[in-house]
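Let's walk through this one together, question by question. Keep the viewer open as you read.

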Amino acid sequence: MVPPLVLDIDGTMTRPDDSVDPRFFDVLPEWHAPVVVATGKAFPYPVALCHFMYVEQNVIAENGGIVLSGEAVTTNGDGEAARRVAEKYVAAGHDLGWGPTDTVNRWRETEVAVARDQPLGPLEELAAEHGLEVVDTGFAYHVKAPEIEKGRGLKSVARLLDRDPDEFVAIGDSENDVSTFGVAGESYAVANADAKAQRAADVVLDESYSEGTLGVLDDLRERA
Ligand SMILES: O=C(O)COP(=O)(O)O
Ligand SMILES: [Mg+2]
């Protein structure tokens, strides 16, 4: 049997141009074990990705802020403190950096994301004043409660799926995947992963982005 998977999206299921590799649309519906999509993105993004890949909606969104498996949705935290940080950041003359529509934060419930071309120092200061931290995923700065992590989300999804977290194989690319790597039984960082993810992973792959991830899936299938 193939093992259950926990897959990060950005940098892991994507190609260097940020598009999701279309090969996952064939590989994942045929994966004969649960697939959990674990992302820093707001809840609707991974739900839509699962929907359009036609796989079960096992989702860890907002870095563990929201978890969905089967009929159970769990929200960890209300994002109130993160929104206060964002307000103060904007009041200090900065910008969240996503333009007037801001679809990055529009449906975000438990944290706030800031574009990486905005100043990090003042954001970290405000976050610390509110007991929060800033996590850099390589795609955005996430202002979040330190205790909310993808790894904690994996524990609750595993429970709902009646699996041991240790059975999961995790693949990721950045510091928001470190907690997942700590909970899963086996972990891989793609070659484009940041230093923290590389240090935390059991294996650092030679191949980058979706190429690395699909290579692991091939190996796991062969092993099964
Ligand atoms: O939304 C981000 O900043 C990163 O998303 P990811 O966790 O799927 O890589
Ligand atoms: Mg990522």
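Q: How many Å separate the centres of domain 1 and domain 2?
A: In this predicted model, the domain assignment gives domain 1 as 5-75 + 148-223 and domain 2 as 80-144. Taken over C-alpha atoms, the distance between the two centres comes to 24 Å.

Q: How many residues of domain 2 are in contact with domain 1?
A: Start on the domain 1 side, where 17 residues take part. By class, that side has 5 nonpolar, 7 polar and 5 charged residues. Across from them, the number of domain 2 residues in contact is 13.

Q: Where does ligand 1 lie relative to the two domains?
A: Look at the residues around ligand 1: they include Asp8, Thr39 and Lys41, and also Thr137, Phe139 and Ala140. Domain 1 covers 5-75 + 148-223 and domain 2 covers 80-144, and both give residues to this shell, so ligand 1 lies between them.

Q: Which class has 6 residues in the shell around ligand 1?
A: Two of the classes, nonpolar and charged, have 3 residues each. The class with 6 is polar.

Q: Is Asp8 buried or exposed?
A: UniProt, in an unreviewed entry, places an "active site" at Asp8, which sits in the loop between β1 (5-7) and α1 (24-27). Its contacts beyond four places in sequence include Ala38, Ile171 and Asp177. A residue needs 20 or more C-beta neighbours within 10 Å to pass the cut-off. Asp8 has 28 inside that distance, so Asp8 counts as buried.

Q: Why do Asp8, Asp10, Asp173 and Asp177 gather at one spot?
A: The unreviewed UniProt entry gives these four as "binding site". They span 170 residues in sequence, yet they gather at one spot because no two of their C-alpha atoms are more than 10.9 Å apart.

Q: How many C-beta neighbours does Asp173 have inside 10 Å?
A: Asp173 lies in the loop between β9 (169-172) and α6 (178-183). Leaving aside sequence neighbours within four places, its contacts include Asp8, Gly11, Gly138 and Asn192. Asp173 counts as buried because its C-beta neighbours number 30.

Q: Which strand gives the largest share of the largest nonpolar core?
A: This core has 44 residues, of which Val6, Val36 and Leu154 touch the most other members. Val36 is in contact with Leu5, Val6, Ile60, Leu154 and Val157, among others. The largest share, 4 residues, comes from residues 35-38, strand β2.

Notes. Residues numbered from 1 in each chain as written. Chains lettered and ligands numbered in written order. Predicted model: local features only at pLDDT ≥ 70, side-chain atom pairs only at ≥ 80, totals over all residues. Domains from an automatic or database assignment. Contact = placed C-beta atoms within 7 Å. Nonpolar A, V, L, I, M, F, W, Y, C, P; charged D, E, K, R; others polar. UniProt positions renumbered as here; feature names shortened; annotations may be inferred. Helix = DSSP H or I, 4+ residues; strand = E, 2+ residues; numbered from the N terminus. Buried ≥ 20, exposed ≤ 12 C-beta atoms within 10 Å, placed from the backbone. Near = placed C-beta within 6 Å. Core = buried A, V, L, I, M, F, W, Y, C linked by C-beta atoms within 7 Å.
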